[in-house]
Amino acid sequence: MSTIQVKDEQGVRIITINRPEKRNALSLEMYTNLTEYLIQGESDNAIHSFLIKGQQDCFTSGNDVADFLKNSNLDSEHPAFKFLFHLLDLKKPLVAAVTGAAVGIGTTLLLHCDLVYADNTAKFQLPFVNLALVPEAGASLLLPQLVGPQKAAELLLLGESFDAETAKTLNIINDVIPSESIFDFALAQAVKLAKQPPQALQATRALLGTNKDLVRQQMKDELAQFAVRLKSDEARTRFEAFLKK
């Protein structure tokens, strides 16, 4: 079975992270596939919106650490960061349905989604500092704008998990939906978006968004710091402990 599954339905490209045996940890190949499916969907006139989801018990636990460490030479062409930069430039709306763990990229990618829904099993976490790293996906800029600088500092510097109700209060997600209906609900919302006049929809998204040049520069700054931190002694110690656990 493919670790990234794609299905087109009612004008929506449904992308499912499908690696349950690894708690949907994202390998570099999976990042490449995610980017390819988004690019294909952007160029397909029959696709008007995207929906990204995982399994009922897990959205994604973040990066596949072992795979990431094997390919630690980071630049804008690295599969993980290429995916993040493409998220920034996405023209068609993106909906997320979050269930279970949403760790690291599982939370930061939500900052680039138009609509986000979670069930009450969802657990969000930004453990970058915990792993001796720095945030990515423009989170160090976008999160303070969204939740305020003090709360952003708490979420990023302590890296503690928080639940769906907290995420809703912080405006990281739109709403908490019952587990038995979350995927159907999120798809229905994506279908509503797909039925909107596409040019007006995309123009409105562009007007709503944060200055992309500013976010792109912040992402580049994060990438530069991330590359340095990844090769640091303290990061190596933290990753060794993580992998042993």
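A residue is called buried when its relative accessible area is under 20%, exposed when it is over 50%, and partly exposed in between, using a 1.4 Å probe and protein chains only. By that rule, 54% of the 245 residues of the protein are buried.

This is a predicted model, in which local features need pLDDT of at least 70 and side-chain atom pairs count only at pLDDT 80 or more, while totals for chains, interfaces and linings use all residues. Residues are numbered from 1 along each chain as its sequence is written, and side-chain values use heavy atoms, with hydrogens and water left out.

**Figure 1. The whole protein holds 11 helices and 10 strands.** Helices (H or I, at least four residues) and strands (E, at least two) are DSSP runs, numbered from the N terminus. The radius of gyration is 17 Å, close to the 18 Å that the globule rule gives for 245 residues, so the protein is as compact as a globular protein of that length. That radius is taken over C-alpha atoms, and the globule rule is 2.2 Å times the number of residues to the power 0.38. Along the principal axes, the C-alpha atoms fill a box of roughly 50 × 40 × 40 Å. Contact means heavy atoms within 4.5 Å. Among contacts between residues at least 6 apart in sequence, 74% join residues at least 24 apart. The protein exposes about 11,600 Å², and carbon and sulfur atoms supply 52% of this area. Accessible areas come from the Shrake-Rupley method with a 1.4 Å probe; for residues, only the protein chains shown count as cover.

**Figure 2. L69, F242 and L243 make a nonpolar surface patch.** The patch covers about 250 Å². Patches are made of residues with over 30% relative accessible area and no salt bridge; like charges are joined within 9 Å, and nonpolar side chains (Val, Leu, Ile, Met, Phe, Trp, Tyr) within 5 Å. L243 sits in helix α11, which spans residues 233-244. Is L243 buried, exposed or partly exposed? L243 has a relative accessible area of 47%, so this leucine is partly exposed. Leaving aside residues up to four places away in sequence, L243 touches V65, A66 and L69. L90 is 153 residues from L243 in sequence and 34 Å from L243 in space, C-alpha to C-alpha.

**Figure 3. R236 and D233 form a salt bridge in helix α11.** A salt bridge is a side-chain nitrogen of Lys or Arg within 4 Å of a carboxyl oxygen of Asp or Glu. Here the closest N and O atoms are 2.9 Å apart. The two residues are three residues apart, about one turn of the helix. R236 is partly exposed, because its relative accessible area is 43%. D233 counts as exposed, at 53%. Elsewhere, salt bridges that share partners join D89, D213 and R216 into one network.

**Figure 4. D213 and R216 pair up in helix α10.** Helix α10 covers residues 212-230. Their closest N and O atoms are 3.6 Å apart in this salt bridge. D213 and R216 lie three residues apart, about one turn of the helix. D213 counts as exposed, with 58% relative accessibility.

**Figure 5. E9 forms a salt bridge with K7.** How many salt bridges does a search of the whole structure find? The search finds 11. For E9 and K7, the closest N and O atoms are 3.3 Å apart. E9 is partly exposed, at 23% relative accessible area. K7 is partly exposed too, at 49%.
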